[in-house]
Amino acid sequence: MASVSWRHALVCLVIVNLSVLTAACSSHYEYAIEGFCLAKFKLDMEVLDQHQWCNWEDTVESYGELTNCTFLVALKMNCFWPNSLVDEFFIRVHRHYFHDCSLSGRLLHDPPNRILGPFIVVPILVTLLMTALVVWRSKRSEGIM
């Protein structure tokens, strides 16, 4: 019976310690990633035209640096990573910078006519050719009987 209460006390102690660490990390960690990581990311994004924000090739380096920065700050502050603060932080970043982007990260637009044309013309020609072949074949087989 004593071992059960000892385990319970140990579990409670671990939960309290984790809560204290999380609480200590929350305000200081959030302030650090906002002031340090996001400030650098904002500068990187200001260099780009807003139309380039959805182009993954133009933003992948800055976004990677932002992600690494949040990890390194958490590491230095002995905070868990990822955590709910990081999730909320990246949701805010996405809402501000990437809200008009498609899921693939590319701007949606029609392909050029030189690519689109064959995809339209070839099926039409095949349909007409097959229809003519069926009509020609059916007229030819009528005389054989």
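Asn83 is buried in this predicted model, with a relative accessible area of 17%, where buried denotes under 20% relative accessible area, exposed over 50%, and partly exposed the range in between (1.4 Å probe, protein chains only). The model is a prediction in which local features need pLDDT of at least 70 and side-chain atom pairs count only at pLDDT 80 or more, whereas totals for chains, interfaces and linings use all residues. Residues are numbered from 1 along each chain as its sequence is written, and side-chain values use heavy atoms, with hydrogens and water left out.

Asn83 is placed in the loop between α2 and α3, helices (H or I, at least four residues) and strands (E, at least two) being DSSP runs numbered from the N terminus. The side chain of Asn83 reaches the backbone oxygen of Phe80 at 2.6 Å. This falls under the heading of polar contacts, defined as pairs of N or O atoms within 3.5 Å, of which, within protein, one must be able to donate a hydrogen and the other to accept it, while residues adjacent in sequence count only if both atoms are side-chain atoms. Asn83 is also among the residues in contact with Tyr29, which, when neighbours within four places in sequence are left aside, further include Thr70, Val73, Ala74, Met77, Cys79, Trp81, Leu85 and Val86; contact here means heavy atoms within 4.5 Å.

Tyr29 belongs in turn to the largest nonpolar core, which has 24 residues and in which Tyr29, Phe41, Val93 and Phe98 touch the most other members. Such a core is a set of buried Ala, Val, Leu, Ile, Met, Phe, Trp, Tyr and Cys residues joined through side-chain atoms within 4.5 Å. At least two residues of the largest core come from each of α1 (2-47), α2 (56-76) and α3 (84-97), and α1 gives the most, with seven residues.

Aromatic pairs were counted where rings of Phe, Tyr and Trp (its six-membered ring) have centres within 6.5 Å, with planes under 30 degrees apart taken as stacked, over 60 as edge-to-face and the rest as tilted; by this rule there are seven aromatic pairs. Trp53 and Tyr97 form an edge-to-face pair, with 4.9 Å from centre to centre and 65° between the planes. Because Trp53 lies in the loop between α1 and α2 and Tyr97 in helix α3, this pair ties together parts that are 44 residues apart in sequence. Both partners are buried, Trp53 at 12% relative accessibility and Tyr97 at 8%. The rings of Tyr97 and Phe98 have their centres 6.4 Å apart and their planes at 50°, so this second pair is tilted. Ring pairs link Phe41, Trp53, Tyr63, Phe89, Phe90, Tyr97 and Phe98 into a cluster.

Trp53 also takes part in the surroundings of Leu48, which, apart from neighbours within four places in sequence, is in contact with Trp53, Asp58 and Thr59. Leu48 lies in the loop between α1 and α2 and is buried at 17% relative accessibility. The C-alpha atoms of Leu48 and Asp58 are 8.0 Å apart in space, the two residues being ten apart in sequence.

One disulfide is found, under the criterion of a pair of cysteine sulfur atoms within 2.5 Å. The bond joins Cys37 to Cys69, with an S to S distance of 2.0 Å, and, as Cys37 lies in helix α1 and Cys69 in helix α2, the pair ties together parts that are 32 residues apart in sequence. The torsion about the S-S bond of Cys37 and Cys69 is about -80°, so the disulfide is left-handed. Cys37 is buried at 3% relative accessibility, and Cys69 is likewise buried, with a relative accessible area of 11%.

Three salt bridges are found in the whole structure, each requiring a side-chain nitrogen of Lys or Arg within 4 Å of a carboxyl oxygen of Asp or Glu. Arg92 and Glu34 meet through their side chains at 2.4 Å, N to O, and since Arg92 lies in helix α3 and Glu34 in helix α1, this bridge ties together parts that are 58 residues apart in sequence. Arg92 is partly exposed at 36%, as is Glu34 at 28%. Lys40, Asp44 and Glu65 are linked in a network of salt bridges. Within this network, the closest N and O atoms of Lys40 and Asp44 are 2.9 Å apart, and those of Glu65 and Lys40 are 3.3 Å apart.
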